[in-house]
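Okay, thanks for coming, everyone. I'd like to talk through how the helices pack in this one, so let's get the model up on the screen.

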Amino acid sequence: MLSFDPNKVEFSTGNYIDGQYCHKNQGQIPVHRPSDGQSYADIPESGAQVVAQAVEIAEQQRIRSGWSEASPRQRGAVLRRWADLIEADAPYLGQLEALGSTRPISDVIHHEIPFTAEAIRFYGECADKYSGDLLPTRKDSLGMLVPEPYGVVGAITPWNFPLSMASWKCGPALAAGNGVVLKPSELTPFSTLRLAELAVQAGLPAGVLNIVQGSGRHTGSALVKHPQVRKVSFTGSTATGAQIMSDAGFNGMKPVTLELGGKSPQLVFNDAGDPAEVAARILRGFTANGGQACVAGTRLVVQRGIAPALIDHLLQLCQSFRPANTWQGSCQYSPLIDQRQGEKVQRLVQQCCEQGGEILTGGQRFAGTEQGWFWQPTLLSGVAADNCAVQEEIFGPVLTVQYFDDEDEGIALAQHETYGLCAGVHTLSLPVAMRAMQSLNAGTVWINRYGRSGDFIIPTGGFMGSGIGKDLGRQAFQACQRQKSVLIDF
């Protein structure tokens, strides 16, 4: 049985710096369980002094320990051992994640932990697979492009996928020889601490990876602004990403990788195939993790011929969910992270209806979940392009429905003036799929599927307000290295 007692899980708190826990802080932040809203721990609100200590130790230890100068194969071996330890620690790590996040224990054990370990393993292999380049110059000289680590990478991860997001940040940065200071979300801080402990057990020198706790306003801001942080990688909201980009520009002119918000369409043509199969794909795209994913496909743009059958199947599927606490093995549906997020979803659904939208199903919390925010899968029809539910990232299991007649109209409806993170295209016609792929303003396009696979070689990242740069793929590894041009005269 995967179920466990949430009150019996023991864990460490505080900051993890130089391989040990310390509790210097400017105050305490209570941490709550999403499933029942109960406060179960406190973390420090770390200020600039603690962040500076973590950054300075990361810079010193990456040099003193030889991590930055170690052979790529040596770094890769440590990361592969780290991945093995993560998989071996799944029973405990899974409880930490399910206890304090929106991730059901079964999903964490069967999907999140294997995904996290494999991402780190992938970057362990990247360490000696991608290098510099010899450049064509005149006969009596030699041109080279030599990669080297930036130094210290500052990483800030969101609350919706704490484990996998930490692997996306730490894997490429460490494989490239950098030190890392990571700030997890103050809403989901504890599984990341365990990852850092396991990294040291795997042979990563203490201090090369440090974890600082606190809010974005204090801890995150101090991390971005620290002059010894040479690169910043952030996943989170578009508004916060814009602030980070500004802070990075004014504090050292450092590069940033930003994976930000989305309002992604699922574009369904009449020839998409079996409506039941398409409905199941669309459902996963907007209800996984309670809809709390930047890549969630929350705008259904459907051609009128297939629409009635597709909507009927979606309504049946939406009404099949039942809430359960994330620490119960039977839980298959995630709560919203906290009351603030729940009230935001509630407000935007109500506002949508005031602007002419109609609730086809859902539109409220599940009965009997007053302590946690389990929001019913919600379909909103009759929405115009300027409706708030179409324009704003709701970050909950809410799907808007818009209809179209011909291909050009469908592609036009699928575009968004602010976001360009992902898009799904459902059609059995290769020409239609390719025309849609070329036209859609999205950093990732999935065709006849919706969601990432285990192919870590495929990068992810958005256009416009959805971000800058790429996570995953060799692009994320290469983005953790600066390129030095060299010209030698014989």
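So, helix H2, residues 72-88, and helix H6, residues 190-201: their axes come within 8 Å and cross at roughly 130 degrees. That makes H2 oblique to H6, and the crossing of H2 past H6 is right-handed. Keep in mind that this is a predicted model.

Who does the touching here? On the H2 side you've got Trp 82, Leu 85 and Ile 86, and they meet Leu 195, Leu 198, Ala 199 and Gln 201 in H6. Sort that contact by class and you get six nonpolar residues, one polar and no charged ones.

Let's stay with Trp 82 for a second. Leaving out residues up to four places away in sequence, Trp 82 touches Ile 120, Cys 170, Leu 174, Leu 195, Leu 198, Ala 199, Ala 202 and Leu 209. And which residues touch the most other members of the largest nonpolar core? Trp 82 is on that list, along with Ile 86, Tyr 123, Leu 174 and Leu 209, in a core of 69 residues. Helix H4, residues 105-126, puts in the largest share of this core, with 10 residues.

Now over to helix H3, residues 90-100. H3 is mostly covered, with eight of its 11 residues buried. The buried ones are Ala 90, Leu 93, Gly 94, Leu 96, Glu 97, Ala 98, Leu 99 and Gly 100, so yes, there's a Glu in that list. What's sitting over them? The cover includes two strands, E3 at 28-32 and E4 at 39-44, and the helices H2, H4, H5 (162-175) and H6. So our pair from the start, H2 and H6, turns up again here as part of the cover on H3.

One more pair before I stop. Helix H1, residues 48-64, and helix H7, residues 216-225, have axes that come within 9 Å and cross at roughly 45 degrees. H1 and H7 are therefore oblique to each other, and H1 passes H7 in a right-handed crossing. From H1 the contact uses Ala 48, Val 51 and Val 55, and from H7 it uses Thr 219, Ala 222 and Leu 223. By class, that's five nonpolar, one polar and, again, no charged residues.

If you wonder about the spacing along each helix, the general point is that an α-helix has 3.6 residues a turn, so residues three or four places apart point the same way.

Okay, that's me done. Any questions?

Conventions: Residues numbered from 1 in each chain as written. Predicted model: local features only at pLDDT ≥ 70, side-chain atom pairs only at ≥ 80, totals over all residues. Heavy atoms only, no water. Axes fitted to C-alpha atoms, helices over the stretch in contact; angles between N-to-C directions. Helix = DSSP H or I, 4+ residues; strand = E, 2+ residues; numbered from the N terminus. Parallel < 35°, antiparallel > 145°, perpendicular 65-115°, else oblique. Left-handed = near helix turned anticlockwise from the far one by under 90°. Contact = heavy atoms within 4.5 Å. Nonpolar A, V, L, I, M, F, W, Y, C, P; charged D, E, K, R; others polar. Core = buried A, V, L, I, M, F, W, Y, C linked by side-chain atoms within 4.5 Å. Buried < 20%, exposed > 50% of the residue type's maximum accessible area, 1.4 Å probe, protein only.
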